[in-house]
Amino acid sequence: MTLPRCVILDDYQDAALRSADWSALEGRVRVEPLREHLSPAELPATIGDAEIVVAMRERTRFDAATLAQLPALKLLITTAMRNASIDMVAAKARGITVCGTPSVPNPTPELTWGLLLALARHIPQEHANLRAGGAQWQTSLGFDLARKTIGIIGLGNIGQVIARYAHAFGMSVIAWSPNLTQERCGAAGARLAPSLDALLAEADVVTLHMVLAPSTRGMIGAREIGLMKSGALLVNTSRGPLVDAAALQAALREGRIGGAALDVFEEEPLPADSPWRSLPNLVTTPHLGYVSADNYRHYFTGVVEDIDGWLRGSPVRVLAAPG
């Protein structure tokens with residue numbers, strides 16, 4: 001008897017099997033973690049015979065064309081409960097069940113604040129200089145956060161946590177999004193900016209926490225960056241395409257803003273020759289916002305539960321079901 005093949009995509013740290021108890025699936029499925037990212041062209045040949053696929057967040061796009069090249073696929077699991085890279089309608093039409101997993105809310109806000117501190121206090125540069133035995137003991141002056149204004153674009157679950165962190169650091173908080181209300185701002189201790197332009201002009205730190213959609217793609221472009229203070233810092237841990245890459249790269253090269261910290265990019269993993277690898281006044285991480293031990297335990301424990309439920313004929317946390 002051939003067991004169903006379960007492929008876990010993008011297990012870069014070889015963490016999936018270490019992050020949960022998989023014993024409930026022994027003798028019922030063949031679990032195969034893949035450590036290397038697959039391009040769209042590689043998917044059909046590599047996982048075309050898999051009945052179960054576990055996707056790590058939105059790293060892999062499962063649109064209608066991709067799903068059509070995966071004829072054996074019956075269960076598609078996404079870590080967490082939302083994935084804009086999966087065509088739910090197409091999955092349902094092809095008889096594929098899509099399930100999500102639990103997650104924890106703290107990893108992305110914590111990384112966001114870590115990136116901000118690293119950028120404001122030049123931690124990567126000072127660390128590298130110290131390690132290299134630099135002749136100059138100190139090389140930078142830090143950017144104080146206390147008594148500064150942080151502008152939060154998107155005051156959802158993550159943005160509200162960022163507001164609390166900002167208050168703890170003695171910062172004033174302003175916020176904006178298209179449908180943001182005075183009431184939500186008041187609950188988070190923030191002041192509602194009258195417009196995106198007004199927020200960009202006032203804030204010393206701008207941090208993005210918006211969902212990527214046609215209306216938000218490129219929402220921070222050359223014009224918007226031009227409204228920011230010359231010393232302002234920009235942080236993006238949401239989605240790379242929220243920011244016009246060419247416009248931000250030009251602003252950093254020309255020193256028109258104080259700096260940027262990015263965890264997300266249009267293309268991931270970054271190509272070896274990407275400008276993001278060498279720009280000045282920039283701190284980068286490889287999309288680590290959700291990558292934490294506790295979050296992975298929730299993700300992969302949920303994956304085991306999803307597979308077990310599906311095998312029993314009672315799938316859980318269903319996002320799309322065959323119609």
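Is R57 buried or exposed? In this predicted model, R57 has a relative accessibility of 13% and is therefore counted as buried, since buried means under 20% relative accessible area. The residue is found in the loop between strand β3 (52-55) and helix α2 (64-68). Leaving aside residues up to four places away in sequence, R57 touches T78, T79, A80, R82, N83, R239, Y290 and Y299. One polar contact of the R57 side chain is made with the backbone oxygen of T79, at 2.8 Å. R57 and L9 are 48 residues apart in sequence, and their C-alpha atoms are 9.9 Å apart in space.

The UniProt record, in an unreviewed entry, places the feature "domain: D-isomer specific 2-hydroxyacid dehydrogenase NAD-binding" at residues 114-289. In the model this span is 32% helix and 15% strand. The C-alpha atoms at the two ends of the span lie 10 Å apart.

Helix α4 covers residues 107-120 and contains L111. L111 has a relative accessibility of 19%, so this residue counts as buried; the cut-off is under 20%. Its contacts, not counting residues up to four places away in sequence, are with D263, T285, L288 and G289. L111 and T237 are 126 residues apart along the chain, while 8.1 Å separates their C-alpha atoms.

Helix α10 spans residues 245-253, and its buried residues are A247, L248, Q249, A251 and L252. These buried residues pack against helix α9 (222-227) and against the strands β10 (233-236), β11 (259-262) and β12 (282-284). At the N-terminal end of α10, D244 acts as a cap, with a side-chain oxygen 3.1 Å from the backbone nitrogen of A246. After the helix comes G255, which has a positive phi, near 65°.

Aromatic rings were also examined, and the count comes to six aromatic pairs. F265 and W276 form one such pair, which is tilted, with 6.1 Å from centre to centre and 50° between the planes. Both F265 and W276 lie in the loop between β11 and β12, eleven residues apart. F265 counts as buried because its relative accessibility is 8%. W276 counts as buried as well, because its relative accessibility is 10%. Another pair, formed by Y296 and F300, is edge-to-face, with 5.6 Å between the ring centres and 80° between the planes. Y296 and F300 both belong to helix α11 (residues 293-311) and are four residues apart, about one turn of the helix. Both Y296 and F300 are buried. Ring pairs also join Y290, Y296, Y299 and F300 into a cluster. Two members of this cluster, Y290 and Y299, are among the residues that R57 touches.

A further arrangement involves a charged side chain and a ring. K148 lies over the face of F143, at 4.8 Å from the ring centre.

Definitions and conventions:
Residues are numbered from 1 along each chain as its sequence is written. This is a predicted model: local features need pLDDT of at least 70, side-chain atom pairs count only at pLDDT 80 or more; totals for chains, interfaces and linings use all residues. Side-chain values use heavy atoms; hydrogens and water are left out. Buried means under 20% relative accessible area, exposed over 50%, partly exposed in between (1.4 Å probe, protein chains only). Contact means heavy atoms within 4.5 Å. A polar contact is a pair of N or O atoms within 3.5 Å; within protein, one must be able to donate a hydrogen and the other to accept it, and residues adjacent in sequence count only if both atoms are side-chain atoms. UniProt positions are given in the numbering used here, feature names are shortened, and annotations may be inferred rather than shown by experiment. Rings of Phe, Tyr and Trp (its six-membered ring) pair if their centres lie within 6.5 Å; planes under 30 degrees apart count as stacked, over 60 as edge-to-face and the rest as tilted. A charge sits over a ring if NZ of Lys or CZ of Arg is within 6 Å of the ring centre and within 35 degrees of the ring normal.
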